[in-house]
Amino acid sequence: MQLWVQEMLRHLEENQTLLKEIDKELRYAPKGDLQISHYRGAARYYRNRRAEGKGKEYLGQKKAALRDGLAQKAYDQELRKAVEQEQEMIRSVELQVPPTPIEVYEALPKEVRSLVEPLVLPDEEYIRRWLEEKKEKASGEDYRSRIEIIYHDIYEKYDIPYVYEPSLYLDGYGPARPDFVVLNVRTRQTLYHEHFGMMDNEEYRANNIHKLRCYHKNGYYEGINFFVTMESDGRMIDYEEAEMIIKRYCL
């Protein structure tokens with residue numbers, strides 16, 4: 001399913017929740033409708049109950065709560081109309097969405113699939129090729145710190161494809177060896193993850209600020225294809241915080 005279709009369907013669910021909230025508000029809304037007239041440049045508020053066979057009721061300052069309730073009701077009614085119209089539009093678009101390139105490939109008979117090189121790879125094959133490429137020049141070293149093992153465990157927990165210490169060359173810096181390279185399978189975005197663990201050390205901090213600037217100069221920017229985590233002595237990152245960061249960028 002296309003990402004924009006997933007987002008559209010997610011919005012459909014959000015609208016359903018919003019409609020429930022609007023209906024709850026309207027259930028307790030005062031009867032009648034707000035009517036406004038102007039006299040000498042000042043607004044005057046009335047409750048119109050003609051639909052119930054009653055007339056207009058002036059809403060002075062003593063009836064400000066009733067006035068505000070009717071104003072809220074008018075807003076809720078208009079909002080409900082707009083949300084319902086959007087829901088109808090989304091449902092009509094949903095019915096017309098064509099299959100994705102991956103769905104086209106997977107719908108082929110297996111005898112045909114074996115003869116075809118898909119132009120857009122299914123997730124499983126994309127991940128396999130991605131890991132093969134990234135592992136080819138990785139350091140092959142074991143984890144060196146507690147926090148690296150924590151990140152390893154989180155990547156494993158959420159089935160996020162990753163490689164430890166991949167090869168990456170940065171102009172102005174040289175071989176960089178980020179801590180991890182990870183794949184957001186949903187967006188197919190490759191992200192490099194650097195953890196700076198001794199930011200209280202002046203020399204270490206200066207070296208990694210330079211490294212961070214080199215990342216930027218080579219086209220790697222936080223939140224797009226790169227993210228950074230940090231800690232210093234006495235301010236250690238915990239599992240819950242690390243998990244929250246990984247989920248934000250990689251899922």
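**Exercise 1. Find which residues of helix H8 are exposed and which are buried, and work out how they sit around the axis.**

Step 1. Start with the open side: Glu240, Met244 and Arg248 of H8 are exposed. Here exposed means over 50% relative accessible area, buried means under 20%, and partly exposed is in between (1.4 Å probe, protein chains only). Helices (H or I, at least four residues) and strands (E, at least two) are DSSP runs, numbered from the N terminus. Before going on, keep in mind that this is a predicted model, where local features need pLDDT of at least 70, side-chain atom pairs count only at pLDDT 80 or more, and totals for chains, interfaces and linings use all residues. Residues are numbered from 1 along each chain as its sequence is written, and side-chain values use heavy atoms, with hydrogens and water left out.

Step 2. Now the other side: Ala242, Glu243, Ile245, Ile246 and Cys250 are buried in H8. Looking down the axis of H8, these buried residues fall within an arc of 165°, so they line one face of the helix. (That arc is taken over the directions from the helix axis to the C-beta atoms.)

Step 3. What's the cover? It includes helix H6 (146–157) and strands E7 (180–184), E8 (189–196) and E9 (226–230).

**Exercise 2. Trace Cys250 into the largest nonpolar core.**

Step 1. Pin down the term: a nonpolar core is a set of buried Ala, Val, Leu, Ile, Met, Phe, Trp, Tyr and Cys residues joined through side-chain atoms within 4.5 Å.

Step 2. The largest such core has 17 residues, and Cys250 is one of those with the most contacts inside it, as are Ile246, Tyr151 and Phe227. H6, strand E4 (162–164), E7 and H8 each give two or more residues to this core, and H6 gives the most, with 5 residues.

Step 3. List the partners of Cys250, leaving aside neighbours within four places in sequence: Tyr155, Ile160, Val182, Leu183, Asn184 and Phe227 are in contact with Cys250. Contact means heavy atoms within 4.5 Å.

Step 4. Apart from this core lies another, of 13 residues, including Val163, Val181, Leu212 and Tyr220.

**Exercise 3. Is Lys134 buried or exposed, and what does Lys134 touch?**

Step 1. Locate Lys134: helix H5 (residues 123–135).

Step 2. Check its relative accessible area: at 16%, Lys134 is buried.

Step 3. Leaving aside neighbours within four places in sequence, Lys134 is in contact with Val163, Val181, Thr190 and Tyr192.
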